[in-house]
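Please open the model in a viewer and display it as a cartoon. The tour below proceeds by selection, stating at each stop what is to be found there.

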Amino acid sequence: MLEVNKNLDKFVYHVSHDLRAPVASSLGLIELTRLEGDKSKISEYLDLQKKNLLRLDAFISNILKYSRNTRLAVKQDNITFQKLFDSLMNQHKYFEDALKVNFKVDINQEEVFINDEMRLDIILSNLISNAIKYSDPVKEENRITLEINANKNLAEIKITDNGIGIEEEYIERIFDPFFRATDYKHGSGIGLALVKEAVDKINGSILVCSKFKEGTTFTVSIPALK
């Protein structure tokens, strides 16, 4: 019981902090906007408020997904990876920095693959958004490569980027809830924990290979549900 309470306290602390931070920032920006007479400055403050709200929305969405992944039974859906990817890209194309990234996509699927669409959505969505978020601003070209090979028995997903990478000392902890390997961008620290939870729910495996300042590759192997 003590361990449960300790974990609950930790969860509440992190959630409340990540919910309050963008709210407090937005409230401060509202006050600055009230006092500002320069229209260009007002526009800048509104853009910053929008970023705060998008950050808050993404965090709440991940918390809800985390809850659903924990409590909902695994479903058997017919998965079409191209359709799933197209839907995700329609959501991610408006993300900050998404327009600066060159995507290369190679999806090979000729047979029906049975698995849980919600969990696959969680896995792909978070890995793609992370690759976009942690692109390297000093590089001439930011690249993300997505490879999916699926048959009726197994799907292998590989996402490779040339972003900022992960320092070796942090790699073992990146799937811990609320752990942040960098302060380069604001994040809740829940995305990769959610990915790992979803992978485990559908009996898959995930590997990460990363070099700091060079890039990262996530490889996910998922057996079909029968």
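**Strands, core and helix**

Begin with β5 and β7, which pair in the antiparallel sense over 8 bridges; strands pair if DSSP finds at least two bridges between them. This is a predicted model, in which local features need pLDDT of at least 70 and side-chain atom pairs count only at pLDDT 80 or more, while totals for chains, interfaces and linings use all residues. Residues are numbered from 1 along each chain as its sequence is written, and side-chain values use heavy atoms, with hydrogens and water left out. Helices (H or I, at least four residues) and strands (E, at least two) are DSSP runs, numbered from the N terminus.

Select P223 in β7: its bridge partner is L154. Next, add β6 (residues 205–211), which runs antiparallel to β7 and is joined to it by 7 bridges; here L207 is the bridge partner of T219. The two strands form a hairpin with 3 residues between them, and K213 in the turn has a positive phi of about 70°.

Now show the surroundings of β7. Of its 9 residues, 7 are buried, so the strand is largely enclosed by the rest of the structure. Buried means under 20% relative accessible area (1.4 Å probe, protein chains only).

Move to F81, which touches I107, Q109, F113, L120, I148, A150, A155 and I157, leaving aside residues up to four places away in sequence. Contact means heavy atoms within 4.5 Å.

Finally, select helix α5 (residues 191–201), whose buried residues are G191, L192, A193, L194, V195, A198 and V199. Just after α5, N203 takes a positive phi of about 60°.

Note on methods. Buried < 20%, exposed > 50% of the residue type's maximum accessible area, 1.4 Å probe, protein only.
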